[in-house]
Amino acid sequence: MTNNHLTRRQMLIGTACTVAIGLALRPGGAAWADARMQSGDGPEPGEVRIRDLGPGVVQFPLMSSLVVGDTLYIGSRNLTPARVIGFDLTTRRVVSRTDLSSGYAIQAMVASPDGATLYISTLRKDDDTGASVHQWDLTTPSVPATALATTGDRDVRAIAVAPDGKIYVAGGGEPPKPPSLWEVDPTTGAVTNWGTPDEGASIAQAVAATATTVYFGTGSTLPGGAGSPAKLFAYDRATRTPVNILPSEVATAVSVTSLSVLDDLLGVGLKHPGKSLLMNLATPSTYEVIPQTGVQLRRRGTDISYVKSPSVATYSRTTKKITNLQTRDLGMLWGLDLAGDRLVGASEYGFVAEVYPATKTSTVTELLDVGAPADAQAVMGIAAGAGSVYVGGTGAISRLDLATSTVTRIRLGGEAKDGVIVDGVLCTGQYNSQGMWRYDPASGQPPAQVVAPVTGQNRPLDVCWDAVNGLVLLGAQNDTGGGGSFTTYRPATGAGTTTVNPIDTRQMVRAVATADGVAYLGGDNLSADGPRSTVVAWNPVAGTELWRVDPGLPAGIAALATDGHFLFVLGRAASGLAVIDLASRAVVRVVDVSGVATDFGALHCFDGTVYGVSDTTLYRVDAATLRLSTVVADIDGGWYSGPHLDIDESGVIYTMRGLNLVAVEDGARPRAIAVDVVAETRSMGSSMYISVKVTNAESGPVSVKVTTAYGQKAFASVAAGKNAVASFNTRQPSIPAGTVAVEVTRAADGASTTRTAAYGAASTG
């Protein structure tokens, strides 16, 4: 999120929440308040003060589960090192653990035919050259897992074992390189590439194996729009020859997301067609359609159960009916297996769910309560203001109370990529394909969706608050189809709108900023063709384009910020910081930021200084001189989906250093001027009036100049603790919503700032 002026109503938050499930001191965290901070003293001029506030999010996030015997094995997500824990289904305790030598997440596991060995696959970062498949001897769980093999694809998203013990691996992760099917010999660790059956695919998320055939499901995700639709290949194990067997009825599906051998059937999960399939293994052209999208299909007799987040559903092959087994919110279950009379899986919320189909009841066991190893994870977003800092993780956020140094873990579904607080109410963009949500902590109610997503617009990227128009603004990406969307939500009425592809059919809306009632949309194009970094000025009320400009950034836009006069456009791949004069709509300069900005990043403008953070560095750009300088070198934040920063009302910057939250006070920036501005409307006779009150919270006098669309007034000296009140007769019976600008100059050092305040539309009638 990027706002040109931060007020008490405009505090960025990078996550959304449901219910608090814990309150504890931050493990290893440092108390925020020391004597100097409590006295209100800031850093010395030129000094940069950094405070370590402890780990950002501490929990056991997970991404896979598998029942082997009486144990549910659970793979971690965004933890270093990646790890697997064993949860005893009888005692409901965590009884074992192993750490892996590589990988940051575990999306898939499979057991050997005899159940004695667990094969563990990993998602790896680009610079991780370690094993992509590990093996753990379950007969001696105290002995750590060992590396088995490394495939030619970076990520392993599915793994299967044939009856003879051979291992088959599917994944990808390095577009435009298409994914291959890989075979691993568990005895020798030898890896064989079975080829790339679909050159247009960007991902393979599913694999299954029988004695004679390997099934390999492909499709498209990032980069959106560049790949082919779903395909399901049956490989003859003797000849290694693939044949696409996906029925034409579902040929428009985006990707094959799940494959399960169910006795004589193959269960097929598909993304976006609203269907799943039960294919006859002997004659794949014979199949049955389940009229619902599901993953992790499991069979008991004539019933087929599957994960349909946030629940579990069962399809009866006899009655052809679908039964939802739960009203309880289970979140996303990463894995689903049969265990006696129940279905078992691990939830993104951090608990084990046991669902009893016969009674439609369930039990949940919180993993942190039964021995799961909590640790600091890579984080999603960050938010600061009103005495708190929020850090977003996977399935939860942490709220740090700066006054007490206590931390509350707050449960949430999916990933809140970005958000904003408006009058104490949180509005957030939720991944995956969850649209915009609203949460009012004062109501005692859980979050609720306020704007449903348009099909395909699955990945929220940036959220900000338009105080002039009273709108929450959200930019998003379509992972699979390319392009993106722009969503508005009006908290006062609950109305929401979404415009698909406001930039073009290729560019997502990577970044959103706002000033004076205009939204600025920053494009990014991950496909090989089309424009890459267009900026569009947008009227968010009318839903129309005002103008557009190409800032000439060859690698797309990473972030936007504005001070109301200039729009600062950060290019990806260290391609520069373009500065657009909003009056002339022209690029007036491109600042070389290659020494501090790597690729993805965030920007925030505060009191004439633009702050940016990359994977490596926290830096500043003076909005007037465009001078670039480093605030904190080697910040090296532990981010999962790109760097973030936020700035609270007093100008303290919050970001990550490694996996720890830090607060940074920048003495190189003039101390923020403490004033509060309120604008109100009132009617007198046949005219509407605008009243502006400016409160001086400084220790000395300030001068004030108030500018509105209906006139201007100045106050040469407003004493400490006093108010300046200006009233403007609009001479009109009705007026539209608007803003006032207040320029404040501190007498002590001559520092100036401009604050804005919004007022709503009003009329005498």
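Reader: Which residues form one aromatic cluster with Tyr168?
Author: Trp194, Phe216 and Tyr235 join Tyr168 in one aromatic cluster. Rings of Phe, Tyr and Trp (its six-membered ring) pair if their centres lie within 6.5 Å; planes under 30 degrees apart are stacked, over 60 edge-to-face, the rest tilted. This is a predicted model: local features need pLDDT of at least 70, side-chain atom pairs count only at pLDDT 80 or more, and totals for chains, interfaces and linings use all residues. Residues are numbered from 1 along each chain as its sequence is written, and side-chain values use heavy atoms, leaving out hydrogens and water.

Reader: How many aromatic pairs by this rule?
Author: Nine aromatic pairs. One of them joins Tyr349 and Phe351: tilted, 6.0 Å centre to centre, 55° between the planes.

Reader: Are Tyr349 and Phe351 buried or exposed?
Author: Both are buried, meaning under 20% relative accessible area.

Reader: Switching to charges. Which ring does Lys417 lie over?
Author: Lys417 lies over the face of Tyr431, 5.1 Å from the ring centre. The cut-offs: NZ of Lys or CZ of Arg within 6 Å of the ring centre and within 35 degrees of the ring normal.

Reader: And Lys713?
Author: Lys713 lies over the face of Phe728, at 5.3 Å from the ring centre.

Reader: How many residues in the largest nonpolar core?
Author: It has 23 residues. A core is a set of buried Ala, Val, Leu, Ile, Met, Phe, Trp, Tyr and Cys residues joined through side-chain atoms within 4.5 Å. Val692, Val740 and Val744 are among those with the most contacts inside it.

Reader: What about a second core?
Author: A separate core of 22 residues includes Phe60, Leu123, Ala346 and Val352.

Key: Buried < 20%, exposed > 50% of the residue type's maximum accessible area, 1.4 Å probe, protein only.
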